[in-house]
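Please open the model in your viewer and keep the sequence panel beside it, since this tour moves from one selection to the next.

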Amino acid sequence: MNLPNRLTIFRIVLVPLIILIYTFPYPSLGVEPQSYRIGTVNLSSINIVVLALYALASLTGILNEYIVRKRNMITTFGKFAKPIAEKLLTMSLFLLFAAKGIVPIVPVILMMASDIVVDGCTLAAAVNGKALFPGFTGRLRKVIQAQTILLVLVCNLPFELWGLPVAEISLWLGAFVSMSSCLQYYSQAKEDITESK
């Protein structure tokens, strides 16, 4: 197994670790996670640890992409596992945020539904030997989702100090861009989806 595939597996392994750290019932074991007061905001040490792990996973993904392109180390496993690792990481965090009531569930559902449609379009095109490309909206979606996760984990700082809901705006923007990307994928795969034999 080559290095990019190992990095992909490492990212997947980080997902359950992040979930465990974020949802662990610390008070039931008499453990009170430390928090840091920044103006009117309490930033939990748990969020800081999760943010560090998320940053590590993201940097690993960037390194993975660089190595694959630089050394042309494209594999079937990589094509399969890389998008799974990315979506597991991103959607797991959004679901955790929604479960804790930190973000509204509707934009999270819209993003997840868009991902499902994109996967369906990709599969339909692959059956006919075609490859779909994310385009600008697909790349923008990743950036906005990463930005949103960062803002939520730092409790919308520094914008929270000024009463600006930038994290929530970013979340809804991410949902909108995800839906736009979904439509772009559908337009590319429309013939493959609607063909009749």
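## From the whole chain to its pockets

Begin with the cartoon of this predicted model and follow the protein chain from the N terminus, along which the elements run α-β-β-α-α-α-α-α. That order comprises 6 helices and 2 strands, and the C-alpha atoms of the protein chain fill a box of roughly 60 × 35 × 30 Å, taken along the principal axes.

Next, select residues 76–99, which are helix 3, together with residues 135–153, which are helix 5. Two packed helices are described by the angle between their axes and the distance between the axes. Here the axes come within 11 Å and cross at roughly 40 degrees, which means that helix 3 is oblique to helix 5. The crossing of these two helices is left-handed.

Now show the side chains where the two helices touch: on helix 3 the contact is made by Glu86, Thr90, Met91, Leu93, Phe94 and Phe97, while helix 5 contributes Arg141, Lys142, Gln145, Thr148, Ile149, Val152 and Leu153. If you colour this contact by class, you will find 7 nonpolar, 3 polar and 3 charged residues.

Keep Glu86 and Lys142 displayed, and turn to the largest pocket, whose volume is about 1,900 Å³. Of the 47 residues that line the largest pocket, the closest to its centre are Glu65, Lys82, Pro83, Glu86 and Lys142, so selecting these five will bring you there.

Which helices should be coloured to follow the lining of the largest pocket, each supplying at least two residues? Helix 1 (3–23), helix 2 (45–71), helix 3, helix 4 (105–127), helix 5 and helix 6 (166–194) each do so, and helix 3 gives the most, with 11 residues. Coloured by class, the lining of the largest pocket divides into 19 nonpolar, 15 polar and 13 charged residues.

For the last stop, move to the second largest pocket, with a volume of about 440 Å³. To centre the view, select Tyr22, Asn47, Ile102, Val152 and Cys155, which are the closest to its centre of the 24 residues that line the second largest pocket. Val152 has already appeared on this tour, as one of the residues of helix 5 in contact with helix 3. Helix 1, helix 2, helix 5 and helix 6 each supply at least two residues of the lining of the second largest pocket, and by class this lining has 17 nonpolar, 4 polar and 3 charged residues.

Note on methods: Residues are numbered from 1 along each chain as its sequence is written. This is a predicted model: local features need pLDDT of at least 70, side-chain atom pairs count only at pLDDT 80 or more; totals for chains, interfaces and linings use all residues. Side-chain values use heavy atoms; hydrogens and water are left out. Axes are lines fitted to C-alpha atoms, for helices over the stretch in contact, and angles run from 0 to 180 degrees between N-to-C directions. Helices (H or I, at least four residues) and strands (E, at least two) are DSSP runs, numbered from the N terminus. Angles under 35 degrees count as roughly parallel, over 145 as roughly antiparallel, 65 to 115 as roughly perpendicular and the rest as oblique. A crossing is left-handed if the near helix is turned anticlockwise from the far one by less than a right angle, and right-handed if clockwise. Contact means heavy atoms within 4.5 Å. Ala, Val, Leu, Ile, Met, Phe, Trp, Tyr, Cys and Pro count as nonpolar, Asp, Glu, Lys and Arg as charged, and the others, Gly among them, as polar. On a 1 Å grid over the protein atoms alone, a cavity is a set of points where a 1.4 Å probe fits but cannot get out, and a pocket is an open set with protein on both sides within 12 Å along at least five of seven lines; lining residues have an atom within 4 Å of a point. Grid points are joined across faces, edges and corners, and a volume is the space filled by probe spheres set on the points.
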